[in-house]
Amino acid sequence: MIDDVLYEFMREQLSMTSLDFVRYSYSKIDWSLRLCGLVGPRGVGKSTLVKQHIIFEKENQKALYISADHSYFASHTLAEVASEWIKEGGTHLYIDEIHKYENWSTEIKNIYDGHGKLNVFFTGSSVLDLLKGQADLSRRAVMYHMQGLSFREYLAMFHGIKMPQYTLEEVIANKVDDTILPHPLPLFRQYLQDGYYPFSKEGAFQSRLDQIITQTLESDIPQYASLSVSTGRKLRRLMGIVAKSAPFKPDYSSIANALGVSRNVVPDYLLYMERAGMIGQLRDETGGVRSLGKVEKVYLDNTNMMYVLEADSTNKGNLRETFFFNQTRVVSDVISSSVSDFVIGDHTFEVGGRRKGKKQIETVDNGHIVKDDIEYGHGISIPLWTFGLLY
C-alpha cells in the first residue's frame, strides 16, 4: 500500500503548479512511451513540465508523482513503490530528481523489466549522473534534453506576448511579423540579463543562479567524474577564467598552469562543464556534435550567467555571440567558421552591432550579417533578437 506521505507530497506539489505557461519541450516528448527521461541543466523547469502533464492527464491516467530525494527513500526503494503502485492499479509513475538516488539506473531497469504495464517517466536536474547511468538503459529509455527559455518563451511567460515559432529559414529570410512586437529591443535587453531561467520570476535571481553554478561545479561534476572536493573548487576557478575570457580559443597549457593541474585533464573538465549546462564549446567543421570536432571557442552557456559572473564587465560582443550560439544550437548543428563567426548548414553568420559591415562574408555564399540594436532586418542583415524565436 502506498504510504500517505507520498500522496500528500504529490497533492502539495501539484497544487502549487501553474498551468499558465508550458515549455517548448512538452510537445516534443512522446508521453506514451513506457520509459523515458527528461534531462538538462538545473533550474530550466523540468519538474514543472512533468507536474503539468500529470494535471493535464488526470482523467486518463492513474499517476503517482514522487521525488527521489524525498526523505521517504532513506528507508524505502523505488522498486518497492513501483510494486505497490501496480497493486493499487497505478498506470504511470513519475520520478523527479532521480540522479539523487543511488544506483538509480539499475533500479529503473528492474522496474521496466518487471512491470510491463507501468509507464515510467523520470527527470534529473543534473545531466551528468543521468548520462553516466544511461548505459544500463540504452535499449529501454528514450532521453529528451531541455534547455532554458528562448526569447520567444520569455515573452510569453513574463509578458504575455505570444510570438509565433519560426524556422531558421524564416528568420534568415526576415519573415518575422513586426506587428506583434513592434519595439522588441527593451525586452530583449532584459531577457539577456535575467530571462533564460523560469525561476527569475521568484526573486533574488542572481543569488539563485550563483547557487546553481556552485552546486553544479562543486557537487554534481565531482560526483559524476569521481573527483575530489578540491577539484570541484578548481572547476569553479575554471568557470571564472571562462567568464573573464570568453569567447576564447582554449589554451589548455595556460589553463592547466592557472589551475595547478595536468594539461591532459583540462579538455575533460571543459566537457563535463558543457554537459552540465555551464559552458558552450564551438567546434570546427570536422564535427559539431558534442564531444566531436576540435574546440575553436569556449562560451558561457547563456547570457544570464555573464551578468552573474562578469557583473559590470560584460562584453557586448561576447554577449551577442553567446546569445546566438545558445539559441540556435537547440534547433541546429552550429559550428565555427574559418572566415566569420558561425556556420549552420550552408549559411555563414557574422554577428555584430548595427554598424557591422559585410567584409568578413564577402567571399562566402549564403553569408548573413546578424545585427544587434536593430528592430527588423532587410536583405542579408538579420536582427539578432529574432534568433530567439526558434523554439
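This passage describes the two strand sheets, the nonpolar core and the aromatic contacts of a predicted model. In this predicted model, local features require a pLDDT of at least 70 and side-chain atom pairs count only at pLDDT 80 or more, whereas totals for chains, interfaces and linings use all residues. Residues are numbered from 1 along each chain as its sequence is written, and side-chain values use heavy atoms, with hydrogens and water left out.

Secondary structure elements are DSSP runs numbered from the N terminus, with helices (H or I) of at least four residues and strands (E) of at least two; two strands are taken to pair if DSSP finds at least two bridges between them. Five strands form an open sheet with parallel pairing, in the order β2-β3-β4-β1-β5. Strands β2 and β5 (142-145) stand at its edges with a single partner strand each, so one side of each is left without a neighbour in the sheet. From one strand to the next, the twist averages 15 degrees, where axes are lines fitted to C-alpha atoms, for helices over the stretch in contact, and angles between N-to-C directions run from 0 to 180 degrees. Strand β1 (residues 35-39) runs parallel to β5 and is joined to it by four bridges, one of which pairs G37 with M143. Helix α3 (residues 78-87) lies across β2 and β3 (92-96), at about 165 degrees to β2.

A further open sheet of five strands has mixed pairing and the order β8-β9-β10-β11-β12. Its edge strands, β8 (334-336) and β12, each pair on one side only, and the twist averages 35 degrees from one strand to the next. Within this sheet, β11 (residues 367-371) pairs in the parallel sense with β10 (residues 347-352) over five bridges, with T348 opposite G367. Parallel pairing also links β11 to β12 (residues 381-383), over three bridges; here V370 stands opposite I382, and K371 has P383 as its bridge partner. Five of the five residues of β11 are buried (under 20% relative accessible area, against over 50% for exposed and in between for partly exposed, with a 1.4 Å probe and protein chains only). Both faces of β11 are thus covered, with G367, I369 and K371 on one side and H368 and V370 on the other.

The largest nonpolar core (buried Ala, Val, Leu, Ile, Met, Phe, Trp, Tyr and Cys residues joined through side-chain atoms within 4.5 Å) has 121 residues, and those with the most contacts inside it are I95, I108, F151, M273 and F387. Helix α9 (residues 205-225) gives the most to this core, with eight residues. Apart from its neighbours within four places in sequence, I108 is in contact (heavy atoms within 4.5 Å) with L35, I95, I98, V120, F122 and L137.

The structure holds 30 aromatic pairs, defined by ring centres of Phe, Tyr and Trp (its six-membered ring) within 6.5 Å, with planes under 30 degrees apart counted as stacked, over 60 as edge-to-face and the rest as tilted. The rings of F9 and Y65 are stacked, because their centres are 5.9 Å apart and their planes stand at 5 degrees. As F9 lies in helix α1 (residues 4-15) and Y65 in strand β2 (residues 63-67), the pair ties together parts that are 56 residues apart in sequence. F9 counts as buried at 17% relative accessibility, as does Y65 at 2%. One aromatic cluster is formed by F151, Y154, F158, F188, Y191, F323, Y376 and W385.
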